[in-house]
Amino acid sequence: EREYSKLIDSANAPIFGVDTFGRVNVWNQCAMKLVGYTISEVMGKNLVQEFITKEYRAAVKAVLDKALRGKETANFEFPLITKNGVRIEVLLNATTRRDEQGNVIGVVGIGQDITARLAQEREYSKLIDSANAPIFGVDTQGRVNVWNQCARKLVGYSTAEVMGYSLVKEFITKDYQASVQAVLDKALDGVETANFEFPLITKAGARIEVLLNATTRRNEHGKVIGVVGIGQDITARLAQEREYSKLIDNANAPIFGVDTQGRVNVWNQCAMKLVGYSLDEVMGKNLVQEFITNEYKDAVSTVLNLALQGQETANFEFPLITKHGVRIEVLLNATTRRDEQGHVIGVVGIGQDITGRIAQEREYSKLIDTANAPIFGVDTKGSVNVWNQCARKLVGYNTDEVMDKNLVEEFITTDYQASVQAVLDRALHGEETANFEFPLITKAGARIEILLNATTRRDEHGNIIGVVGIGQDITFRIAQEREYSNLINNANAPIFGVDNEGMVNVWNQCAMHLVGYSTEEVMGHRLVEEFITKDYQASVQTVLDKALDGEETANFEFPLMTKAGVRLEVLLNATTRRDEQGNIIGVVGIGQDITGRIAQEREYSKLIDSANAPIFGVDNEGKVTIWNQCAVKSVGYSSEEVMGKNLVQQFITPEHRARVQSVIDQALAGEETANFEFPLITKAGARIEVLLNATTRRDEQGSIIGVVGIGQDITGRLAQEREYTRLIDTANAPIFGVDTQGRVNVWNQCAVRLSGYPSEEVMGHSLVKEFIRMEHQEKVQGVLDQALHGEETANFDFPLMTKGKNRLEVLLNATTRRDEQGNIIGVVGIGQDITARLAQEREYSKLIDSANAPIFGVDTQGKVTVWNQCAMQLVGYSSEEVMSKNLVKEFITDEYKTAVQAVLDMALHGEETANFEFPLMTKAGVRLDVLLNATTRRDEQGNVIGVVGIGQDITGRLAQEREYTRLIDLANAPIFGVDTLGRVNVWNQCAMRLVGYSSEE
């Protein structure tokens, strides 16, 4: 009884019992779980009155009453409302309970929760009707009672046309009526038929091949009530089988088959090519005995025998020696072949030549070990079984230190052991994890950030055998992401972001500066509704909505009013933001303040129109789109006369149309032309020379939209070039030129006169080797070489012997010559005959030294460089005592050093001084009064190189002036003097006594 009570209580079906008064005395655990009432809530209470819904109380009570009279009920269905108000469907078996004397003592009810089953039955009916296979049913009279949608579509007869009609007599072709009727009859006798094939003619007259499964239908008592037939339209399958045979023979995998005796009956072309044996050599022969090597005969025979017993083998590997003796590795799948009755009729083996794969697997293992990402693997116990070189380098543990040890317990930091273990556990259950981040402390104690992908490892049968983890060292990336956030905030372009709700979540410093709203004023607020002007809210919202749907927008322009009320023009790029799974999480907008650019574009248009060079533009059709004022003035055609017309056909002279069109076509293909010259006849008929630059025009996407041509009227320049050539030839300075080989290509008339060599004798000859004296060839060649490398030389002196053997002193300036592209094409040298100048300089030095006035000179450092004989005689210091010494510090008295230094400094800055007086003490100690003129000295380039001072000894003159003044004042005649304005400047003592006015008055 205890065992019986235990079984009732632990049964997985709800069981209850009542006594003869209908009071509950049995209520097992499953009843509690199903209905929700505990034992204490039901025991001793009337089952029907208190726990059955009103509409079913009478029916349930009737079942119980019958059972109490000994009449049991099986499979009584009724709905039951649980304690929680949920409706469940219950199937009840009510069994009479009796004591040992056979007296009825109550009823025990064993129920089943058939809620799901009833739902399933409804679903089953729906599935039959909507199944993609034709399903029909007949009753025991052979009349149709099931005809689903697929049957209607396949055969063409509607439900109304078949229901209640004899299936065989009215819908099966005569030649198959007997065989189909036999199948149905057998099913009505309980013998079901699987895979009966027959042709069927549809209502439209088309032939289809049908495969029929006839299944006996029974009621709940097991009584046969009809047949349900599930068919398949195998028209395509039969065609496919024929194709299948063809495919087997043409397959690029070796396929063979044997019968139950092991004799070959399938041997496709690939098998022939792979093994070398033809069809004739193998068909009907024993596969194992004649074609398998001895060491593998037993193993292959076992595989075939197992397949002949229905136990198929997948992925059996063995080496195979071909007819030509080559070893290949074969992977064999042995599949049982059966006839339509399911009888084993042989084995088909599909092989693969895995020679390359095995080599690849070895290479794969090598690749894992040498990969530049850390890769590790664990078995199902979590013990390490893969640990590549990169893992060793990154973490610091070598293979011996980790293999077969628990990865998580021994090598993961404590705070991350649980999360890493969870990732591995999920992978061991087939749930892989991508991009799991965790910090890892290396053997050396350094912290690195790792991004982990945990992938389930499976054997060839799909069984999980471990986990392989491919990691990435993202330490640098995370640092870079922080830097990225910093860059966004510090970027010099306004950047904002919104989430999926349009609320601001990014607002960088530039956005703050530009718009005037701080981060606190915008974060979490709706961008469009609160910060965009009403007239642009709809268009900006559209851009954001598109980006939130993954459609990004580039270069959307709109006006923006700042917090201060200033209008800005903004160019917006709206980019979709995604998380690491690719889910859209918002939009980031990078803007540009194009207020200045738009103003500049207007200014650009104005500049083009007002430019002092003729500018025109054409579109892709060659029609004029730009024609500025200078073009109007230059050519004579107004804008109205050219806009929209074909430039070449209507405004270029016929002989130049092809060339100009070619330049435009090249520019429209992206190949620009610089400095294309052609003559142009103006509207007035004048000929002008034009230099054309044809530049490709592109829109903001970089698509070519036309050509802009900037021209120059070079009529004057060409005339000037001709004039320049004439001037060179007629210049009164010798001018020559050489090409990059040093051969003379310029030799003007003055050079002819000076050197005595006519042009014919020098043009094309080497200047240095043939016309420069031997001792100066190296120096002159050096100057030319420097100029040919772009380093020009000014004022290079050298002696030149003329054709008449006279010596000339020449001062040479070597200038680099370049073409219009800036390429060096030679050197032009402009010389001066300085023979007379040098003689004059020698004469000048002689004059200074022999002058009867003291002359001295200093360099820019104030050191003496000139000291003539008169200065020596006057002051007493010889040239040797003063040359290279500081004039002021060593030879001027202390009280005048500052004043004299100031005069020299002014002269060194180009401000000369005349008649500056100062006292000078000679070497002998005599005081002299000197009048100084300080003159700036310059080299031939005009650079200040020092000061020359020409003095006068005015000692005697000043003494005379003092004596003269004394004589005037003491004269016994009144003496007065006036300046040029009539003002008194002399008034002696006699004048004072005579007139009575003092000097002061």
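Tyrosine 157 is partly exposed at 21% relative accessibility, where partly exposed denotes the range between buried, under 20% relative accessible area, and exposed, over 50%, computed with a 1.4 Å probe on protein chains only. The model is a predicted one, in which local features need pLDDT of at least 70 and side-chain atom pairs count only at pLDDT 80 or more, while totals for chains, interfaces and linings use all residues. Residues are numbered from 1 along each chain as its sequence is written, and side-chain values use heavy atoms, with hydrogens and water left out.

**Aromatic pairs**

A search of the whole structure finds 16 aromatic pairs. The rings of tyrosine 157 and phenylalanine 171 form an edge-to-face pair, because their centres are 5.2 Å apart and their planes stand at 70°; rings of Phe, Tyr and Trp (its six-membered ring) pair if their centres lie within 6.5 Å, and planes under 30 degrees apart count as stacked, over 60 as edge-to-face and the rest as tilted. Tyrosine 157 sits in the loop between helix H7 (149-155) and helix H8 (159-162), and phenylalanine 171 belongs to helix H9 (residues 167-171), so the pair ties together parts that are 14 residues apart in sequence. Helices (H or I, at least four residues) and strands (E, at least two) are DSSP runs numbered from the N terminus. Phenylalanine 171 is buried, with a relative accessible area of 12%.

Another edge-to-face pair is that of tyrosine 517 and phenylalanine 531, with 5.1 Å from centre to centre and 70° between the planes. Here tyrosine 517 lies in the loop between helix H22 (509-515) and helix H23 (519-522), whereas phenylalanine 531 is in helix H24, so this pair too ties together parts that are 14 residues apart in sequence. Both tyrosine 517 and phenylalanine 531 are buried. Trp27, Tyr37 and Phe51 form one aromatic cluster.

**Helix H25**

Helix H25 (residues 534-548) has 15 residues, which should span 21 Å at 1.5 Å a residue, and its end C-alpha atoms are 21 Å apart, which agrees; the expected span is 1.5 Å times one less than the number of residues. Val540, Val543, Leu544, Ala547 and Leu548 of H25 are buried. These residues lie on the same side of H25, because they cover an arc of only 135° around the axis, the arc being that of the directions from the helix axis to the C-beta atoms. Asp535 and Ala538 are exposed on the face turned away from the buried side of H25. The buried residues of H25 pack against strand S21 (495-498), helix H24 (527-531), strand S23 (553-561), strand S24 (567-578) and strand S25 (584-593), where contact means heavy atoms within 4.5 Å.

**Two sheets**

One open sheet of 5 strands has the order S2-S1-S5-S4-S3 with antiparallel pairing, where two strands pair if DSSP finds at least two bridges between them. Its edge strands, S2 (24-27) and S3 (73-81), each pair on one side only, and the twist averages 25° from one strand to the next. Helix H5 (residues 54-68) packs on this sheet, touching strand S1 (15-19), S3, S4 and S5, and its direction makes about 150° with that of S3; axes are lines fitted to C-alpha atoms, for helices over the stretch in contact, and angles run from 0 to 180 degrees between N-to-C directions. Strands S4 (residues 87-98) and S5 (residues 104-113) pair in the antiparallel sense over 9 bridges, and leucine 92 has glycine 111 in S5 as its bridge partner.

Another open sheet of 5 strands follows the order S32-S31-S35-S34-S33, with antiparallel pairing. Strands S32 (744-747) and S33 (793-801) stand at its edges with a single partner strand each, so one side of each is left without a neighbour in the sheet. Strand S31 (residues 735-739) is joined by 5 bridges to strand S35 (residues 824-833), and the two run antiparallel; the bridge partner of valine 738 in S35 is valine 827.

**Positive phi**

Most residues other than glycine have a negative phi. The table includes two asparagines and a glycine with positive values.

| Residue | Phi |
|---|---|
| Asparagine 75 | about 60° |
| Asparagine 435 | near 60° |
| Glycine 550 | about 95° |

Asparagine 75 is placed in strand S3 and is partly exposed, with a relative accessible area of 47%. Asparagine 435 lies in strand S18 (residues 433-441) and counts as partly exposed at 33% relative accessibility. Glycine 550 comes just after H25.
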